[in-house]
Amino acid sequence: MKKILNKETISYLIFGVLTTVVYFLTRFFVVYLTGNSMAGVVYAQISAILFAFFTNKLFVFKDKDWSIKVVMIQLLGFIIGRLFVFFLDVGITYLAVQKNADFFIHLFWLDQIDYNSFFFASPLMRNFIGSEKLLNEFIFALFVQVLAIILNYIISKKAIFKK
């Protein structure tokens, strides 16, 4: 267990959670402004990728080489590594939010929830989970982000910031 929970993985988890916060805030802000879930995914992924690259380089893997060539190669590799998660996110959003939302809303009984209760109707939560469609989107966005944290750590450690 000590081998898995070392300083690096704990740092990665902390910055992974912060990256997820950046992702969610960006995604739902864009959805709020545009009403477009796919645009939310694109902007959220771009924001999260850039945030994650710099925090991973600086704080997680403590890579000190800031030469333009190294940074560009790492950033390109980082982006390529994140493309899989990006397409996974787009695919899941398309299938579970755009095309089959009603199926998942009924499957998870999201249509049985009282969205006028304080928790769902509070000003802080209303734009994130204040309706069955938003809660469905939130659930699948969270699912993808958990997968992203795991997959992106493996890719970053083994391919991008390897020592």
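Helices here are DSSP runs of H or I with at least four residues, numbered from the N terminus. The model is predicted.

**Exercise 1. Describe the overall fold of the protein chain.**

Step 1. Take the secondary structure. The protein chain has 7 helices and 0 strands.

Step 2. Read the order. From the N terminus on, the elements run α-α-α-α-α-α-α.

Step 3. Add the dimensions. Along the principal axes, the C-alpha atoms fill a box of roughly 50 × 35 × 25 Å.

Step 4. Look at the contacts with a separation of 6 or more. Residues 24 or more positions apart account for 68% of them.

Step 5. Turn to burial. Of the 163 residues, 42% are buried.

**Exercise 2. Place Ile129 and decide whether Ile129 is buried or exposed.**

Step 1. Locate the residue. Ile129 belongs to helix 6, which covers residues 123–129.

Step 2. Recall the cut-off. Buried means under 20% relative accessible area.

Step 3. Apply it. Ile129 counts as buried because its relative accessibility is 5%.

Step 4. List the partners beyond four places in sequence. Ile129 is in contact with Tyr115, Phe119, Phe120, Leu134, Leu135 and Phe138.

Step 5. Check one pair. Tyr115 and Ile129 are 14 residues apart along the chain, and their C-alpha atoms are separated by 8.4 Å.

**Exercise 3. Do the same for Glu137: which helix holds Glu137, and which residues does Glu137 contact?**

Step 1. Glu137 is found in helix 7, residues 132–160.

Step 2. Its relative accessibility is 4%, so Glu137 counts as buried.

Step 3. Set aside neighbours within four places in sequence. Glu137 is then in contact with Arg27, Phe28, Val31, Ser37 and Val97.

**Exercise 4. Classify Phe59 and find the surface patch that includes Phe59.**

Step 1. Phe59 sits in helix 2, residues 37–60.

Step 2. Partly exposed lies between the cut-offs of 20% and 50%. Phe59 has 41% relative accessibility, so Phe59 counts as partly exposed.

Step 3. Name the patch. Phe59 joins Val42, Tyr43, Ile46, Leu50, Phe54, Leu58 and Trp66 in a nonpolar patch on the surface.

Step 4. Give its area. Together these residues have about 740 Å² of accessible area.

**Exercise 5. Describe the surface and charges of the whole chain.**

Step 1. The protein chain exposes about 9800 Å².

Step 2. Carbon and sulfur atoms supply 74% of that area.

Step 3. Count the charges. There are 16 positive and 9 negative charges.

Step 4. Compare their mean positions. These are 17 Å apart.

Notes. Residues numbered from 1 in each chain as written. Predicted model: local features only at pLDDT ≥ 70, side-chain atom pairs only at ≥ 80, totals over all residues. Heavy atoms only, no water. Helix = DSSP H or I, 4+ residues; strand = E, 2+ residues; numbered from the N terminus. Buried < 20%, exposed > 50% of the residue type's maximum accessible area, 1.4 Å probe, protein only. Contact = heavy atoms within 4.5 Å. Patch = residues over 30% accessible without salt bridge, like charges linked within 9 Å, V, L, I, M, F, W, Y side chains within 5 Å. Areas by Shrake-Rupley, 256 points an atom, 1.4 Å probe, with all protein chains shown as cover. Salt bridge = Lys/Arg side-chain N within 4 Å of Asp/Glu carboxyl O. Lys, Arg positive; Asp, Glu negative; His and termini not counted. Charge placed at Lys NZ, Arg CZ, Asp CG, Glu CD.
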